[in-house]
Amino acid sequence: MNVSATDLVLWLIVPYLCLAVFVVGHYWRYRYDKFGWTTRSSQLYERRLLRWGSPLFHFGILAALGGHVIGLGIPASWTEAVGITEHAYHFVAVSIGAVAGFCTLAGLAILIYRRRTVGPVFSATTRNDKFMYVVLTATILFGISNTVLGNVIGQASDYRTTVSPWFRSIFYFQPQPELMAQAGIGYQLHALSAFLLFAIWPFTRLVHVFSAPLGYFTRPYIVYRSRTPQLGNRATARGWDRVDQKSRR
């Protein structure tokens, strides 16, 4: 099948370019901006809206991510081999995807409203994060429209024969842009916005996704001042002798 120059740019060059920025950008951010590798937590400024928006968004996005891993990473032949019919697969995908999508969208709407209306929270929001929220919202809306509206009106295309094999081919380093060229416009917009999100990811607060407090397992103990003359059950180590406060006066 002949592939146009536009399709080569959109479904071959753009994905690899965005993934390269994603990887190199995270390395650069961790190497030169470790103190900026944070969520810029704003819990101290406002908690009521955060208590509702954060769980809705995070649980919804985790469920949506799991659905994408299954839908894009597992071929249709594998699910059929274990006895899952195509009808059953799509029913579960649409049901769970709709709930996850709406929870994510509702949580994100609450968080954006909170970030816009609470002064200190808005002041702590960078320009990159504002742009990230726009791209993230567009990606979620495109995903919901493909999952729900496409199936409701009966015009949903079979992404397991176009989008999924194209996505896997990128990581096989045997790209097949002609497959994505056959997908519906909704899936194409969803894919482009998702790769744009990957490209700006390293330069926003989303980097905290790859943070884990593993240092807590290896950091030294915190030494507190004891109120009793005895410092502990063990003998006092050299260099840790108690200082006589009276002699310092």
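Which residues in H7 meet which residues in H9? In this predicted model, Val163, Trp166, Phe167 and Ile170 are the residues of H7 that meet Tyr187, Ala191 and Phe195 of H9. By class, the residues of this contact comprise seven nonpolar, no polar and no charged. The setting of this contact within the protein is described first, followed by the packing of H7 and by several individual residues.

The protein contains ten helices and zero strands, and its elements accordingly read α-α-α-α-α-α-α-α-α-α from the N terminus on. Of its 249 residues, 31% count as buried. The accessible surface amounts to about 17,000 Å², and carbon and sulfur atoms contribute 65% of that area. Among the contacts with a separation of 6 or more, 78% are between residues 24 or more positions apart.

Helix H7 spans residues 163–171, and helix H9 spans residues 185–200. The axes of the two helices come within 12 Å and cross at roughly 30 degrees. Because angles under 35 degrees count as roughly parallel, H7 is described as roughly parallel to H9. The crossing in which H7 passes H9 is right-handed.

A second partner of H7 is helix H2, which covers residues 48–73. Here the axes come within 8 Å, and the crossing angle is roughly 90 degrees. H2 is therefore roughly perpendicular to H7. On the H2 side, the contact involves Gly71, Leu72 and Gly73; on the H7 side, it involves Val163, Ser164, Phe167 and Arg168. This contact has three nonpolar, three polar and one charged residues. Val163 and Phe167 of H7 thus appear in the contact with H2, and these two residues also meet H9.

H7 is mostly covered, with seven of its nine residues buried. The buried residues are Val163, Ser164, Pro165, Trp166, Arg168, Ser169 and Ile170. Their cover includes H1, H2, helix H8 (177–181) and H9. After H7 comes phenylalanine 173, which lies in the loop between H7 and H8. Phi of phenylalanine 173 is near 60 degrees, a positive value in a residue other than glycine. With a relative accessible area of 68%, phenylalanine 173 is exposed, because the exposed class begins over 50%.

Another residue with a positive phi is arginine 40, for which the angle is about 55 degrees although the residue is not a glycine. Arginine 40 is located in the loop between H1 and H2. Its relative accessibility is 26%, so arginine 40 counts as partly exposed.

Arginine 40 is also one of the residues touched by arginine 29. Arginine 29 belongs to helix H1 (residues 5–32) and has a relative accessible area of 3%. The cut-off for a buried residue is under 20%, so arginine 29 is classed as buried. When residues up to four places away in sequence are not counted, arginine 29 touches Lys34, Gly36, Trp37, Arg40, Pro202, Phe203, Thr204 and Val207.

Phenylalanine 203, one of these contacts of arginine 29, is found in the loop between H9 and helix H10 (245–248). Its relative accessible area of 35% places phenylalanine 203 in the partly exposed class. Apart from residues up to four places away in sequence, phenylalanine 203 touches Val21, Gly25, Trp28, Arg29 and Asn128. Phenylalanine 203 and tryptophan 28 are 175 residues apart along the chain, yet their C-alpha atoms are separated by 9.6 Å.

A further pair is formed by isoleucine 112 and lysine 130, which are 18 residues apart in sequence and 9.2 Å apart in space, C-alpha to C-alpha. Isoleucine 112 is part of helix H4 (residues 86–117). At 31% relative accessibility, isoleucine 112 is counted as partly exposed. Leaving aside neighbours within four places in sequence, isoleucine 112 is in contact with Tyr133 and Thr137.

Methods. Residues are numbered from 1 along each chain as its sequence is written. This is a predicted model: local features need pLDDT of at least 70, side-chain atom pairs count only at pLDDT 80 or more; totals for chains, interfaces and linings use all residues. Side-chain values use heavy atoms; hydrogens and water are left out. Axes are lines fitted to C-alpha atoms, for helices over the stretch in contact, and angles run from 0 to 180 degrees between N-to-C directions. Helices (H or I, at least four residues) and strands (E, at least two) are DSSP runs, numbered from the N terminus. Angles under 35 degrees count as roughly parallel, over 145 as roughly antiparallel, 65 to 115 as roughly perpendicular and the rest as oblique. A crossing is left-handed if the near helix is turned anticlockwise from the far one by less than a right angle, and right-handed if clockwise. Contact means heavy atoms within 4.5 Å. Ala, Val, Leu, Ile, Met, Phe, Trp, Tyr, Cys and Pro count as nonpolar, Asp, Glu, Lys and Arg as charged, and the others, Gly among them, as polar. Buried means under 20% relative accessible area, exposed over 50%, partly exposed in between (1.4 Å probe, protein chains only). Accessible areas come from the Shrake-Rupley method with a 1.4 Å probe; for residues, only the protein chains shown count as cover.
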